[in-house]
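Here is a friendly walk through one protein model, from its surface to its interior. Have the structure open beside you as you read.

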Amino acid sequence: MPELRIFSLLARIGLTCYAAVHLIVAWLAAQVALGDNERADKAGALQIVAAEGGAWLLWLVAAGTGVLALWQLLEAVTGHRHAAPRRRWARRAVSGVEVVLYGLVSYSAAKTATGASGKAGSVVAGVLTRPWGAAAVIAAGVVVILVAAWLAYRGARKKFLHDLDFGGASATLRRSATRLGQIGWCAVGVTYATVGAMFVLAAVRYDPAKAGGLDPALKTLAVQPYGQALLLALAAGIAVFSVFALLEARYRRL
């Protein structure tokens, strides 16, 4: 059906955009590790996309990843019916996490395209003024850390292979995609765990700037002992994930 072909095309474009954004984030993280004061997060990456390609390219990123988010929302609610009951709910939980991952990129791209801006740190500062603020920020940080641990587990145990269809692909490509996915998902897990830890630290120390997202988290990591080497390794891992995401754009089951 033409509608399904259009949906498949948009979804694969979205996955390609998702890969490209992470590749730029990896490059920015490497710049931070080497002492350049770049904004090493998805917002910074999207600003580079805007500078290089203009607003239309940002809208393409927003539309593509938005389609991915809507698709995974449908999968989270009614999908994976072919799986056994126990696995079905686990797969739906995976789709729920991907709704958030894709949705955040889509929202950030659209916000950047319209010229809007905002910082997580300012939001956290407002929350911390409430009597329940510190507990809420700590809870948010713990949730992010738990999701990060699950992402790393998904990579280490090759759970992402359930979503791929390597029909017609060579054995070498399958092995390469598997290794890239393992390394990449674990790196993404460590990245989100760092952000979650910074949220907890911000609440404990009442320092909202610490909870400004990925950029301040990576910059804080960079100034730690051996931080430069750790950040370069993390940048390499995110770059590996972007390469895996490009392969996923081709072989993802849709």
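## From surface to core

Let's start on the outside: the protein exposes about 12,900 Å², and carbon and sulfur atoms supply 66% of that area. Please keep in mind that this is a predicted model. Of its 254 residues, 43% count as buried.

The secondary structure comes to nine helices and zero strands, so if you trace the chain by DSSP definition, the pattern reads α-α-α-α-α-α-α-α-α. Among contacts between residues at least 6 apart in sequence, 71% join residues at least 24 apart.

Now for the interior. In soluble globular proteins, nonpolar side chains tend to be buried together. Here, the largest nonpolar core has 48 residues. If you would like places to begin looking, Val21, Val61, Trp185 and Leu231 are the residues with the most contacts inside this core. The helices in the table each give two or more residues to the core.

| Helix | Residue range |
|---|---|
| α1 | 2–33 |
| α2 | 42–53 |
| α3 | 55–78 |
| α4 | 85–113 |
| α6 | 133–156 |
| α7 | 171–205 |
| α8 | 214–222 |
| α9 | 227–251 |

Among these contributors, α1 gives the most to the core, with 13 residues. Apart from this core lies another, of seven residues, including Leu128, Val195, Phe199 and Ala217.

Which residues is Val61 in contact with, leaving aside its neighbours within four places in sequence? They are Cys17, Val21, Leu46, Gly66, Val105 and Ala109. Val21 turns up again here: like Val61, Val21 belongs to the group with the most contacts inside the largest core.

The model also has some enclosed empty space to visit. The structure holds one cavity of 30 Å³ or more, and the largest cavity has a volume of about 30 Å³. Which residues line the largest cavity? The lining is made up of Tyr18, Glu98, Leu101, Tyr102, Trp185, Phe241 and Glu248. Trp185 is a handy landmark, since you have met this residue among those with the most contacts inside the largest core.

By class, the lining has five nonpolar, no polar and two charged residues. Both α4 and α9 supply at least two residues of the lining. The largest share, three residues, comes from α4.

Technical notes:
Residues numbered from 1 in each chain as written. Predicted model: local features only at pLDDT ≥ 70, side-chain atom pairs only at ≥ 80, totals over all residues. Heavy atoms only, no water. Core = buried A, V, L, I, M, F, W, Y, C linked by side-chain atoms within 4.5 Å. Buried < 20%, exposed > 50% of the residue type's maximum accessible area, 1.4 Å probe, protein only. Helix = DSSP H or I, 4+ residues; strand = E, 2+ residues; numbered from the N terminus. Contact = heavy atoms within 4.5 Å. 1 Å grid on protein atoms, 1.4 Å probe; cavity = no way out; pocket = protein on both sides within 12 Å on 5 of 7 lines; lining within 4 Å. Points joined across faces, edges and corners; volume = space filled by probe spheres on them. Nonpolar A, V, L, I, M, F, W, Y, C, P; charged D, E, K, R; others polar. Areas by Shrake-Rupley, 256 points an atom, 1.4 Å probe, with all protein chains shown as cover.
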